[in-house]
Amino acid sequence: MSATRKNMHLSSNVDATHSLDGINIRRREFIGATLKGAAASALLTGGAVGLTGCGSSEAHATPSLPSQGEFIFRGGYVLSMDPGVGDLANGDVHIKNGAIINIAPSISASSAEVIDANDCIVMPGFVDGHWHMMNALWRGLVNDKAGFTYFEVFGRLGPAYTPSDSYTGVKLALTEAINAGITTVHNWSNNNRSPAHADAELAAHTELGVRTRWSYGAPFGLSEIPWSDVPRVRQRWFAAGDRMMTLGIGATQVGLGSQTIQQTADQLSKARALGLPVSLHSLATQPDSPDSIRFLIDNNLLGSDLQLLHGISSEPYLAAIAAAGTSLAISPAVEPLTTILVPPVPAAMTAGLKLSIAVDTSALASADMFMNMRLVWASAHVRSDGSNLPSARQLLQIATIGGATAHGLQDVTGSLRPGKRADLIMVRKSDINMQLAQDIDPAWLLVSSGRPENVDTVMVDGRVLKRRGALTTVKVPEVMKAAKDALEGLRTRAGMPVLGKPAI
Ligand SMILES: [Zn+2]
């Protein structure tokens, strides 16, 4: 989500009216050097994250992640999104110890657990471009009414977050991700009001087992990144180097509050000195954005380690952005709600830009990459002369390997080929909204008709997180109850109308 011309004044007001000092947070360090999976959740359950003033006393579920084991997806339509593997109309995918070890028409492996893929599409999991995950709690609360627009709600509820709220919001978003077949997320984390908030978010990520880029940004309403906490977070949560969790920096958007392009450029330099990739909200509709990207180009600050978000006004600069290897994440469900335009997808594709699709915020639109592909398709029609519309394969590419490439994970995830990690989903073709004929290109079927409820099975790093339409580790009713309680607590502390009383 970008603070655009429509709502920039709102975030400026937030700067003036909220401070970190007013938040009741008990900072308490986690115990132990390594927190993974259930251990992280158990510590949270025991209150290792400060819970003073939290709206929920609900004990967090403590599922262990499933083992990686050995599996064969048997007899499905394999849509690999890898040029060397291609499509197999009827094929097997062999997984062992978290890796794809073979893809072939028929594979024998007596020790493998068979997952029947008949009448299903087996494809890479979706890769999200960027997502402010903690605000998944606000679903349905954000709308067009005065006082309830996205940045107004952020301005009121953001400063009231406890670490427990951060944990609960991120866990809700990750639950939605798993259900929708999104196997890699980019949590653009911009409400870390203490180190404990960062730890709480990262505990949720390790607990749920979704591949993660986590970008450390400035807390909402402030402009400076908590640089002093970056080495601590890096050591605690990212030292494993297993590519399940990778760290980045969320640079502050130019024009947010009093943020200047020079200040943002300094943040880029700091991140690069730490060897960390950077993501930047940019090129929206505010007047200074084009000048900002011009500054980045003129000062050689673009690069393959930089991800730009939105790109509404990027058309004059597409060639330079592409030449630098900088990627662009578009948010097709959110941008029309907060700007007056849609991104120039056809021109960006013609320029060879590395594109990805972002959920951005599930406070405004559900985490549905099928819907997002359709929206990119539709928005391409808005910006196209008819000669350069994306194909279904190109839309799928943006939603899978495109996202992986944006995060530097193209050798890890985003397509199916032996040697890559086993991040894949199985989509049912037999559902009521799916195909009847067998000779229809499954790529168009997925783009035009797919929905999260068609996702039968989800595997991340060889672990089955969804099977036969049900999540395997997350107790969804508990997640929903905790999220409801957290939101009620947030609204009470922030002085917004409480649940049960009409807000509008
Ligand atoms: Zn954003």
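## Close-ups of two loops, an enclosed helix and two helix pairs

**View 1. Arg468 lies in the loop between strand E16 (463-467) and strand E17 (470-471).** Strands (E, at least two residues) and helices (H or I, at least four) are DSSP runs numbered from the N terminus. This is a predicted model, where local features need pLDDT of at least 70 and side-chain atom pairs count only at pLDDT 80 or more, while totals for chains, interfaces and linings use all residues. Residues are numbered from 1 along each chain as its sequence is written, and side-chain values use heavy atoms, with hydrogens and water left out. Back to the loop: phi of Arg468 is near 50 degrees, a positive value in a residue other than glycine. Most residues other than glycine have a negative phi. With 65% relative accessibility, Arg468 counts as exposed (over 50% relative accessible area; buried means under 20%, partly exposed in between, using a 1.4 Å probe and protein chains only).

**View 2. Met81 and Asp82 sit in the loop between strand E1 (70-79) and strand E2 (87-96).** Here's another positive phi in a residue other than glycine: that of Met81 is near 60 degrees. Met81 is buried, at a relative accessible area of 18%. Next door, Asp82 counts as buried too, with 10% relative accessibility. Setting aside neighbours within four places in sequence, Asp82 is in contact with Ser415, Leu416 and Arg417, contact meaning heavy atoms within 4.5 Å.

**View 3. Helix H3 (residues 150-157) is largely enclosed by the rest of the structure, because six of its eight residues are buried.** The buried ones in H3 are Tyr150, Phe151, Val153, Phe154, Gly155 and Leu157.

**View 4. Helix H5 (residues 195-208) packs against helix H6 (residues 230-237), with axes that come within 11 Å and cross at roughly 25 degrees.** That makes H5 roughly parallel to H6. The labels go by angle: under 35 degrees is roughly parallel, over 145 roughly antiparallel, 65 to 115 roughly perpendicular, and the rest oblique. Axes are lines fitted to C-alpha atoms, for helices over the stretch in contact, with angles from 0 to 180 degrees between N-to-C directions. The H5 and H6 crossing is right-handed, meaning the near helix is turned clockwise from the far one by less than a right angle (anticlockwise would be left-handed). On the H5 side, Pro195, Ala198, Asp199, Leu202, Ala203 and Thr206 meet Arg232, Val233, Arg236 and Trp237 of H6. By type, the residues of this contact split into six nonpolar, one polar and three charged. Nonpolar covers Ala, Val, Leu, Ile, Met, Phe, Trp, Tyr, Cys and Pro, charged covers Asp, Glu, Lys and Arg, and the others, Gly among them, are polar.

**View 5. The axes of helix H4 (residues 163-180) and helix H15 (residues 476-494) come within 9 Å and cross at roughly 140 degrees.** So H4 is oblique to H15. Their crossing is left-handed. Asp165, Thr168, Lys171, Leu172 and Thr175 in H4 meet Val476, Val479, Met480, Ala482, Ala483, Ala486, Leu490 and Arg493 in H15. The tally for the contact of H4 with H15 is eight nonpolar, two polar and three charged.

**View 6. Zooming out, the chain has 15 helices and 17 strands.** Of its 504 residues, 61% count as buried. Take contacts between residues at least 6 apart in sequence: 75% join residues at least 24 apart.
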